[in-house]
Amino acid sequence: MSETETDAPILDPQVAQALAAAAASGALPVDQVPVADARAYAEQNWKEQFGPVDEVFAVEDTEIEGVPVRIYRPVETDEPSMALIYFHGGGWVLGSIESHDGIARAFAKRAGIVVISVGYSLAPEHPFPQPLEDCWKVSRYVWENAAEFGVDQEHIGVGGDSAGGTLATIVAFRGRDYATPFALQVLLYPVTSITPNTPSWDEFATGYGLTAELMRWYWAQYVADAEDLDNPDISPALQRDTRRVPRAIVVTAECDILRDEAETYAQRLALSGIEVEGYRYDGMVHGFLRMAGIVDRSQQALTE
(Lines give C-alpha, C1' and ligand atoms only; values in the text may rest on other atoms or scores of the structure.)
Protein backbone atom coordinates (compact mmCIF):
# COMPACT_ATOMS: atom_id res chain seq x y z
CA MET A 1 0.00 0.00 0.00
CA SER A 2 1.36 3.42 -0.93
CA GLU A 3 1.91 6.23 1.55
CA THR A 4 -0.92 8.17 -0.09
CA GLU A 5 -3.33 5.29 0.40
CA THR A 6 -2.22 4.88 4.00
CA ASP A 7 -2.79 8.55 4.78
CA ALA A 8 -6.10 8.86 2.94
CA PRO A 9 -8.92 10.02 5.23
CA ILE A 10 -11.56 7.48 6.13
CA LEU A 11 -15.10 8.81 5.94
CA ASP A 12 -17.45 8.07 8.78
CA PRO A 13 -19.63 5.17 7.47
CA GLN A 14 -22.84 7.11 8.03
CA VAL A 15 -21.42 10.14 6.21
CA ALA A 16 -20.31 7.90 3.33
CA GLN A 17 -23.83 6.47 3.16
CA ALA A 18 -25.34 9.97 3.08
CA LEU A 19 -23.03 11.03 0.24
CA ALA A 20 -23.85 7.88 -1.71
CA ALA A 21 -27.57 8.48 -1.25
CA ALA A 22 -27.19 12.07 -2.48
CA ALA A 23 -25.29 10.90 -5.55
CA ALA A 24 -27.90 8.22 -6.30
CA SER A 25 -30.81 10.65 -5.94
CA GLY A 26 -30.12 12.19 -9.32
CA ALA A 27 -30.54 15.71 -7.94
CA LEU A 28 -28.68 18.25 -10.05
CA PRO A 29 -25.97 20.38 -8.42
CA VAL A 30 -27.10 23.71 -7.01
CA ASP A 31 -25.34 25.67 -9.74
CA GLN A 32 -27.24 23.81 -12.48
CA VAL A 33 -30.81 24.59 -11.40
CA PRO A 34 -32.76 27.82 -10.84
CA VAL A 35 -31.89 29.42 -7.51
CA ALA A 36 -35.49 29.12 -6.28
CA ASP A 37 -35.44 25.37 -6.91
CA ALA A 38 -32.08 25.00 -5.17
CA ARG A 39 -33.41 26.84 -2.14
CA ALA A 40 -36.54 24.71 -1.95
CA TYR A 41 -34.50 21.51 -2.19
CA ALA A 42 -32.07 22.68 0.50
CA GLU A 43 -34.92 23.60 2.86
CA GLN A 44 -36.47 20.17 2.60
CA ASN A 45 -33.28 18.12 2.45
CA TRP A 46 -31.48 19.83 5.32
CA LYS A 47 -34.46 19.56 7.64
CA GLU A 48 -34.90 15.89 6.78
CA GLN A 49 -31.22 15.21 7.44
CA PHE A 50 -31.35 16.97 10.78
CA GLY A 51 -34.30 14.97 12.05
CA PRO A 52 -36.11 15.58 15.36
CA VAL A 53 -35.34 18.92 17.00
CA ASP A 54 -34.83 19.92 20.64
CA GLU A 55 -37.77 21.38 22.53
CA VAL A 56 -37.19 24.81 24.08
CA PHE A 57 -39.29 26.99 26.38
CA ALA A 58 -40.21 29.66 23.83
CA VAL A 59 -39.69 30.53 20.16
CA GLU A 60 -40.51 33.98 18.77
CA ASP A 61 -40.43 35.17 15.17
CA THR A 62 -39.93 38.92 14.88
CA GLU A 63 -37.78 41.55 13.18
CA ILE A 64 -34.78 43.56 14.32
CA GLU A 65 -33.90 46.63 12.27
CA GLY A 66 -36.12 45.28 9.49
CA VAL A 67 -34.33 41.91 9.38
CA PRO A 68 -36.27 38.71 10.21
CA VAL A 69 -35.03 36.87 13.30
CA ARG A 70 -36.14 33.94 15.41
CA ILE A 71 -35.44 34.05 19.14
CA TYR A 72 -35.08 30.79 21.07
CA ARG A 73 -35.31 30.77 24.87
CA PRO A 74 -34.32 27.52 26.58
CA VAL A 75 -36.02 28.18 29.93
CA GLU A 76 -38.28 30.68 31.65
CA THR A 77 -36.18 33.06 33.73
CA ASP A 78 -36.06 36.66 34.93
CA GLU A 79 -32.27 36.65 35.01
CA PRO A 80 -30.24 37.99 32.04
CA SER A 81 -29.06 35.10 29.88
CA MET A 82 -26.01 34.51 27.76
CA ALA A 83 -26.83 34.75 24.07
CA LEU A 84 -25.59 33.67 20.64
CA ILE A 85 -26.52 35.62 17.50
CA TYR A 86 -26.47 32.99 14.76
CA PHE A 87 -26.00 33.29 10.98
CA HIS A 88 -26.97 30.26 8.92
CA GLY A 89 -24.86 28.72 6.18
CA GLY A 90 -25.70 28.07 2.54
CA GLY A 91 -23.10 29.91 0.48
CA TRP A 92 -24.89 33.27 0.94
CA VAL A 93 -27.43 31.87 -1.54
CA LEU A 94 -29.27 29.05 0.26
CA GLY A 95 -30.48 28.44 3.79
CA SER A 96 -32.78 30.26 6.17
CA ILE A 97 -33.88 30.53 9.75
CA GLU A 98 -36.13 27.54 9.08
CA SER A 99 -33.46 25.33 7.48
CA HIS A 100 -31.23 25.83 10.53
CA ASP A 101 -33.98 25.62 13.13
CA GLY A 102 -32.59 22.35 14.50
CA ILE A 103 -29.08 23.71 14.99
CA ALA A 104 -30.35 26.86 16.71
CA ARG A 105 -32.59 24.82 19.01
CA ALA A 106 -29.73 22.48 19.88
CA PHE A 107 -27.45 25.34 20.90
CA ALA A 108 -30.21 27.01 22.93
CA LYS A 109 -31.26 23.85 24.75
CA ARG A 110 -27.89 22.19 25.31
CA ALA A 111 -25.91 25.31 26.19
CA GLY A 112 -28.77 26.94 28.12
CA ILE A 113 -28.51 30.21 26.19
CA VAL A 114 -30.75 32.50 24.18
CA VAL A 115 -30.16 32.06 20.45
CA ILE A 116 -31.12 34.76 17.96
CA SER A 117 -31.13 33.28 14.44
CA VAL A 118 -30.87 35.87 11.65
CA GLY A 119 -32.66 35.67 8.31
CA TYR A 120 -30.26 37.90 6.38
CA SER A 121 -30.73 38.83 2.72
CA LEU A 122 -29.47 36.30 0.17
CA ALA A 123 -27.44 36.53 -3.02
CA PRO A 124 -27.60 36.80 -5.97
CA GLU A 125 -30.59 39.12 -5.48
CA HIS A 126 -28.75 40.80 -2.61
CA PRO A 127 -24.99 40.40 -3.07
CA PHE A 128 -22.25 41.73 -0.81
CA PRO A 129 -22.46 43.83 1.27
CA GLN A 130 -26.19 43.42 2.00
CA PRO A 131 -26.05 40.04 3.83
CA LEU A 132 -23.19 41.34 5.99
CA GLU A 133 -24.96 44.62 6.71
CA ASP A 134 -28.09 42.75 7.81
CA CYS A 135 -26.06 40.64 10.23
CA TRP A 136 -24.20 43.66 11.58
CA LYS A 137 -27.42 45.68 12.10
CA VAL A 138 -29.02 42.89 14.09
CA SER A 139 -25.90 42.17 16.14
CA ARG A 140 -25.27 45.80 17.01
CA TYR A 141 -28.90 46.36 17.97
CA VAL A 142 -28.99 43.31 20.23
CA TRP A 143 -25.76 44.37 21.95
CA GLU A 144 -26.92 47.97 22.44
CA ASN A 145 -30.36 46.87 23.67
CA ALA A 146 -29.45 43.72 25.57
CA ALA A 147 -31.95 44.34 28.36
CA GLU A 148 -34.77 44.44 25.83
CA PHE A 149 -33.97 40.83 24.95
CA GLY A 150 -33.30 39.67 28.49
CA VAL A 151 -29.65 38.94 27.76
CA ASP A 152 -26.39 39.86 29.46
CA GLN A 153 -24.53 42.41 27.34
CA GLU A 154 -21.16 41.07 28.48
CA HIS A 155 -22.01 37.55 27.33
CA ILE A 156 -23.28 37.96 23.76
CA GLY A 157 -21.54 35.89 21.10
CA VAL A 158 -21.81 35.73 17.32
CA GLY A 159 -21.54 32.58 15.28
CA GLY A 160 -22.45 30.70 12.17
CA ASP A 161 -21.73 27.76 9.90
CA SER A 162 -19.96 27.93 6.54
CA ALA A 163 -20.86 31.28 4.91
CA GLY A 164 -22.54 32.21 8.18
CA GLY A 165 -19.23 31.64 9.90
CA THR A 166 -17.63 34.09 7.50
CA LEU A 167 -20.26 36.70 8.36
CA ALA A 168 -19.65 36.08 12.06
CA THR A 169 -15.92 36.77 11.73
CA ILE A 170 -16.55 40.15 10.13
CA VAL A 171 -19.25 41.08 12.65
CA ALA A 172 -16.71 40.24 15.37
CA PHE A 173 -14.18 42.60 13.77
CA ARG A 174 -16.78 45.35 13.50
CA GLY A 175 -17.70 44.84 17.12
CA ARG A 176 -14.08 45.45 18.04
CA ASP A 177 -13.78 48.52 15.84
CA TYR A 178 -17.11 50.14 16.77
CA ALA A 179 -17.08 49.70 20.55
CA THR A 180 -19.52 46.80 20.44
CA PRO A 181 -17.37 44.06 21.97
CA PHE A 182 -18.84 40.61 21.59
CA ALA A 183 -17.78 37.89 23.99
CA LEU A 184 -17.28 35.00 21.60
CA GLN A 185 -17.21 33.96 17.96
CA VAL A 186 -18.35 30.44 17.06
CA LEU A 187 -17.04 29.55 13.60
CA LEU A 188 -18.30 26.25 12.21
CA TYR A 189 -16.29 25.22 9.13
CA PRO A 190 -16.14 28.88 8.01
CA VAL A 191 -15.09 30.26 4.65
CA THR A 192 -12.10 32.54 5.25
CA SER A 193 -10.56 33.19 1.82
CA ILE A 194 -11.89 33.88 -1.65
CA THR A 195 -8.59 32.71 -3.18
CA PRO A 196 -7.85 29.34 -1.55
CA ASN A 197 -4.56 27.60 -2.26
CA THR A 198 -4.54 24.93 0.40
CA PRO A 199 -3.95 21.16 0.30
CA SER A 200 -7.50 20.42 1.49
CA TRP A 201 -8.92 22.46 -1.40
CA ASP A 202 -7.18 20.12 -3.83
CA GLU A 203 -7.67 16.89 -1.87
CA PHE A 204 -11.42 17.24 -1.39
CA ALA A 205 -12.28 19.19 -4.55
CA THR A 206 -14.82 16.53 -5.62
CA GLY A 207 -16.65 13.63 -4.04
CA TYR A 208 -17.13 15.03 -0.54
CA GLY A 209 -20.30 17.11 -0.83
CA LEU A 210 -19.13 20.70 -1.22
CA THR A 211 -16.99 20.81 -4.35
CA ALA A 212 -14.42 23.38 -5.42
CA GLU A 213 -16.54 24.21 -8.48
CA LEU A 214 -19.63 24.80 -6.37
CA MET A 215 -17.70 26.94 -3.89
CA ARG A 216 -16.50 29.15 -6.74
CA TRP A 217 -20.11 29.47 -7.91
CA TYR A 218 -21.21 30.60 -4.45
CA TRP A 219 -18.50 33.24 -4.43
CA ALA A 220 -19.61 34.47 -7.86
CA GLN A 221 -23.17 34.94 -6.60
CA TYR A 222 -22.08 36.78 -3.47
CA VAL A 223 -19.42 39.06 -4.94
CA ALA A 224 -20.99 40.97 -7.81
CA ASP A 225 -18.26 43.61 -8.15
CA ALA A 226 -14.77 42.46 -9.09
CA GLU A 227 -13.35 45.41 -7.17
CA ASP A 228 -14.49 43.71 -3.95
CA LEU A 229 -12.35 40.61 -4.46
CA ASP A 230 -9.63 42.03 -2.20
CA ASN A 231 -12.03 43.37 0.41
CA PRO A 232 -11.25 42.02 3.90
CA ASP A 233 -14.96 42.26 4.70
CA ILE A 234 -15.33 39.37 2.24
CA SER A 235 -12.16 37.39 2.99
CA PRO A 236 -11.34 37.39 6.72
CA ALA A 237 -7.88 36.06 5.82
CA LEU A 238 -7.13 39.52 4.40
CA GLN A 239 -7.76 41.28 7.70
CA ARG A 240 -4.51 43.00 8.63
CA ASP A 241 -5.06 43.19 12.39
CA THR A 242 -6.56 40.17 14.12
CA ARG A 243 -5.86 41.39 17.63
CA ARG A 244 -8.50 42.23 20.26
CA VAL A 245 -11.28 40.22 18.61
CA PRO A 246 -13.45 37.90 20.73
CA ARG A 247 -12.20 34.51 21.78
CA ALA A 248 -13.05 31.88 19.20
CA ILE A 249 -14.35 28.35 18.87
CA VAL A 250 -13.41 27.02 15.43
CA VAL A 251 -14.82 23.70 14.22
CA THR A 252 -13.57 22.00 11.05
CA ALA A 253 -14.33 18.77 9.21
CA GLU A 254 -11.47 16.54 8.10
CA CYS A 255 -12.84 15.92 4.59
CA ASP A 256 -13.77 19.49 3.71
CA ILE A 257 -12.17 21.72 1.09
CA LEU A 258 -12.42 24.60 3.60
CA ARG A 259 -10.60 22.75 6.38
CA ASP A 260 -7.13 24.18 5.94
CA GLU A 261 -8.13 27.80 5.45
CA ALA A 262 -10.28 27.68 8.58
CA GLU A 263 -7.54 26.07 10.65
CA THR A 264 -4.95 28.53 9.33
CA TYR A 265 -7.26 31.36 10.35
CA ALA A 266 -7.64 29.87 13.83
CA GLN A 267 -3.86 29.64 14.15
CA ARG A 268 -3.50 33.25 13.11
CA LEU A 269 -5.94 34.32 15.80
CA ALA A 270 -3.99 32.33 18.38
CA LEU A 271 -0.72 33.96 17.28
CA SER A 272 -2.42 37.33 17.78
CA GLY A 273 -3.06 36.45 21.40
CA ILE A 274 -6.69 35.45 21.01
CA GLU A 275 -7.97 32.51 23.04
CA VAL A 276 -8.92 29.84 20.50
CA GLU A 277 -10.48 26.42 20.88
CA GLY A 278 -10.06 24.37 17.72
CA TYR A 279 -11.85 21.12 16.97
CA ARG A 280 -11.35 18.98 13.87
CA TYR A 281 -13.90 16.20 13.40
CA ASP A 282 -12.31 13.25 11.60
CA GLY A 283 -14.31 11.47 8.92
CA MET A 284 -16.73 14.40 8.60
CA VAL A 285 -17.55 16.57 5.59
CA HIS A 286 -18.65 20.17 5.14
CA GLY A 287 -22.06 20.80 6.66
CA PHE A 288 -21.96 17.73 8.88
CA LEU A 289 -23.75 19.45 11.77
CA ARG A 290 -26.86 19.58 9.59
CA MET A 291 -26.82 15.75 9.45
CA ALA A 292 -27.69 15.13 13.09
CA GLY A 293 -30.61 12.90 12.19
CA ILE A 294 -28.56 10.48 10.10
CA VAL A 295 -25.01 10.78 11.48
CA ASP A 296 -24.50 9.90 15.14
CA ARG A 297 -21.20 11.81 15.35
CA SER A 298 -22.96 15.00 14.19
CA GLN A 299 -25.45 14.70 17.02
CA GLN A 300 -22.60 14.26 19.49
CA ALA A 301 -20.72 17.22 18.00
CA LEU A 302 -23.69 19.51 18.55
CA THR A 303 -23.70 18.63 22.22
CA GLU A 304 -19.94 19.09 22.48
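**View 1. The largest pocket of this predicted model holds about 980 Å³ of space.** Its lining counts 35 residues. Ala22, Val30, Gly209, Leu210 and Leu214 lie nearest the centre of this pocket. Three elements give two or more residues each to the lining: α2 (13-24), α3 (35-50) and α8 (212-222). The largest share comes from α3, with seven residues. By class, the lining of the largest pocket splits into 20 nonpolar, eleven polar and four charged residues.

**View 2. The second largest pocket encloses about 650 Å³ of space.** Here 26 residues form the lining. Nearest the centre of the second largest pocket are Ala111, Leu184, Val186, Ile249 and Glu304. Strands and helices both give two or more residues to this lining. The strands are β3 (81-87), β5 (151-161), β6 (184-188), β7 (247-255) and β8 (276-285). The helices are α4 and α10 (296-303). Helix α4 supplies the largest share, four residues. The lining of the second largest pocket has 19 nonpolar, three polar and four charged residues.

**View 3. Helix α4 spans residues 101-111 and is largely enclosed by the rest of the structure.** That follows because eight of its eleven residues are buried, with buried meaning under 20% relative accessible area. The buried residues are Asp101, Gly102, Ile103, Ala104, Arg105, Ala106, Phe107 and Ala108. Helix α4 also gives four residues to the lining of the second largest pocket.

**View 4. Gly112 follows helix α4.** The phi of Gly112 is positive, near 70 degrees. Ala111, in the lining of the second largest pocket, is among the residues nearest the centre of that pocket.

How values were computed: Residues are numbered from 1 along each chain as its sequence is written. This is a predicted model: local features need pLDDT of at least 70, side-chain atom pairs count only at pLDDT 80 or more; totals for chains, interfaces and linings use all residues. Side-chain values use heavy atoms; hydrogens and water are left out. Buried means under 20% relative accessible area, exposed over 50%, partly exposed in between (1.4 Å probe, protein chains only). On a 1 Å grid over the protein atoms alone, a cavity is a set of points where a 1.4 Å probe fits but cannot get out, and a pocket is an open set with protein on both sides within 12 Å along at least five of seven lines; lining residues have an atom within 4 Å of a point. Grid points are joined across faces, edges and corners, and a volume is the space filled by probe spheres set on the points. Ala, Val, Leu, Ile, Met, Phe, Trp, Tyr, Cys and Pro count as nonpolar, Asp, Glu, Lys and Arg as charged, and the others, Gly among them, as polar.
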